Amino acid sequence: LKTIVIQTDYEDAGTAIMFATAGAAVVVPGAALKDSAQADGKSKLWVIGQDEFNQLEAKFKRLYIIDIAFDVDERYQFIAKRPTKDVIQAIGESKDSPFKVSDMMIKNMVVAGNMEALDDGVVYSHVIKQLTGIVKDGKALFTKA
């Protein structure tokens with residue numbers, strides 16, 4: 001598993017985005033980066049065990065690990081799958097209702113994680129931003145086809 005780390009500014013907080021060739025994407029504030037990776041460079045799963053992750057990966061193929069860390073004591077992790085063509089189409093048809101689109105992305109893409117934390121508007125908005133990036137990548141592929 002090969003990991004590439006890109007440092008970027010994200011809403012006035014240094015953010016590191018780690019893309020693993022296995023399809024995982026991890027987003028954490030730069031200060032928390034050292035805590036989000038193991039010694040071998042792989043993303044550290046802490047919301048679910050490796051066996052459960054492997055089962056989800058066998059079922060959904062490509063998974064995204066989304067880490068959101070505001071500080072050392074406030075961290076959340078979500079596991080998301082790629083959207084299906086039907087989900088992308090439904091999102092496109094509902095573009096005039098952002099809350100409906102956000103709800104659709106959460107319900108159809110997040111397969112594990114700190115689900116109760118999604119009641120916090122700040123956590124919810126960070127997850128939606130990451131899911132939106134995944135959906136945009138999918139839409140780009142459909143528009144090129």
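Here is a short chat about a predicted model, covering a strand pair, two rings and a helix.

Student: Before we start, what kind of model is this, and how are residues numbered?
Tutor: It's a predicted model, where local features need pLDDT of at least 70, side-chain atom pairs count only at pLDDT 80 or more, and totals for chains, interfaces and linings use all residues. Residues are numbered from 1 along each chain as its sequence is written, and side-chain values use heavy atoms, with hydrogens and water left out.

Student: Ok, how many residues of strand 4 are buried?
Tutor: Seven of the nine in residues 63-71, so strand 4 is largely enclosed by the rest of the structure. Buried means under 20% relative accessible area, exposed over 50%, partly exposed in between (1.4 Å probe, protein chains only). Strands are DSSP runs of E, at least two residues, and helices are runs of H or I, at least four, numbered from the N terminus.

Student: Which way do strands 4 and 5 run?
Tutor: Antiparallel, with eight bridges joining strand 4 to strand 5 (residues 74-81); pairing takes at least two DSSP bridges. A hairpin of two residues links them, and A69 sits opposite R75.

Student: What about aromatic pairs, how many turn up?
Tutor: One in the whole structure. F70 and Y76 are edge-to-face, 6.3 Å centre to centre with 70 degrees between the planes. Rings of Phe, Tyr and Trp (its six-membered ring) pair with centres within 6.5 Å; planes under 30 degrees apart are stacked, over 60 edge-to-face, the rest tilted.

Student: Is F70 buried or partly exposed?
Tutor: Partly exposed, because its relative accessibility is 32%. Y76, at 17%, counts as buried.

Student: New topic: which residues of helix 4 are buried?
Tutor: V101, S102, M104, M105, I106 and M109.
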